[in-house]
Amino acid sequence: MRSVVMVSGSGTNLQAILDAQIADLEIVAVVSDNPEAYGLQRAIDAGITAITVDYQSFAKRSDFDDALYAAIEQIKPDLIVLAGFMRILAGDLVNRYDGRMINIHPSLLPAYPGLNTHQRAIDAGEQWHGTTVHFVIPKLDAGPSIVQYQVAIRPSDTAESLADRVRIGEYLIYPQAIAMLTSGQLKLENNVVYNNGQELAAPEVLHEQENN
Ligand code: GRF
């Protein structure tokens, strides 16, 4: 599966995906909106083409969207993996890759779409938090979920300590979900997720304690 990974920052999820050496996954390019993203360096270190579509260099948002679309269109990947890509993607691009674009979001979706998820979960007095791999649809953080990793919030938790534990889960479940896609066992049809031909009514859930 020829894939593009899109990053804006440190790219630790990209690294976890690279390290997992997933069967039938060929990362043909890493694309970033941010020339400073360390994820680009990780790509170069792994011998992968690194492409920057610098958000700051466009006068208009729509010019950035067009340039990003064109950059991806040159590659025509089978799969787009969003790994900490911090811009909301234009509907055209998302629709073009319907069922072939996934994201990892640091909350137990549908709870806490958007930013600052760890602090919001703590402030709300939640017992559980975590991370979700999901298909991408035009609505932000709202596409059908594939797999989640659940973490118990401890009384002593800060946003940072919670984020650290959630990240451990991200590095597990993202490669796992990608492998389910590359093997062909996972599909999205008419907004419904199928795993081995069976409708996946709710995401698979992995718990932190199972990992300890
Ligand atoms: C991750 O926490 C992911 O959930 C969110 O952005 C972060 C990316 O981190 N979408 P990294 O760039 O992979 O280190």
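Domain bounds, as used here, come from an automatic or database domain assignment, and the model to which they are applied is a predicted one.

**Exercise 1.** Determine which residues surround the ligand, and which domains and elements supply them.

*Solution.* Begin with the list of neighbours, where a residue counts if one of its heavy atoms lies within 4 Å of the ligand: the ligand is surrounded by S10, G11, T12, N13, G84, I104, P106, R167 and E170. Next, sort these residues by character, which gives 2 nonpolar, 5 polar and 2 charged. Then turn to the domains: domain 1 (1-97) and domain 2 (104-130 + 137-212) each contribute at least three residues to the shell. Finally, the space that the ligand takes is the largest pocket, and the elements giving two or more residues to its shell are α1 (12-20) and α6 (159-182).

**Exercise 2.** Find the polar contacts of the ligand with N13, I104 and R167, and state how much of the ligand the protein covers.

*Solution.* Take the backbone first: a backbone N or O atom of N13 is 2.8 Å from a ligand oxygen, while a polar backbone atom of I104 lies 2.9 Å from a ligand nitrogen. The side chain of R167 then places an N or O atom 3.2 Å from an oxygen of the ligand. Of the 360 Å² of accessible area that the ligand has on its own, the protein covers 87%.

**Exercise 3.** Describe the backbone at P110 and N116.

*Solution.* Recall that most residues other than glycine have a negative phi, and that most peptide bonds are trans. The bond from L109 to P110, however, is cis, with omega near 10°, and N116, although not a glycine, has a positive phi of about 60°. To locate them, note that P110 belongs to the loop between β5 (101-105) and α5 (117-123), and that N116 lies in the loop between β5 and α5.

Conventions. Residues are numbered from 1 along each chain as its sequence is written. This is a predicted model: local features need pLDDT of at least 70, side-chain atom pairs count only at pLDDT 80 or more; totals for chains, interfaces and linings use all residues. Side-chain values use heavy atoms; hydrogens and water are left out. A polar contact is a pair of N or O atoms within 3.5 Å; within protein, one must be able to donate a hydrogen and the other to accept it, and residues adjacent in sequence count only if both atoms are side-chain atoms. Accessible areas come from the Shrake-Rupley method with a 1.4 Å probe; for residues, only the protein chains shown count as cover. On a 1 Å grid over the protein atoms alone, a cavity is a set of points where a 1.4 Å probe fits but cannot get out, and a pocket is an open set with protein on both sides within 12 Å along at least five of seven lines; lining residues have an atom within 4 Å of a point. A molecule sits in a cavity or pocket if more than half of its atoms lie within 2 Å of its grid points. Helices (H or I, at least four residues) and strands (E, at least two) are DSSP runs, numbered from the N terminus. Ala, Val, Leu, Ile, Met, Phe, Trp, Tyr, Cys and Pro count as nonpolar, Asp, Glu, Lys and Arg as charged, and the others, Gly among them, as polar.
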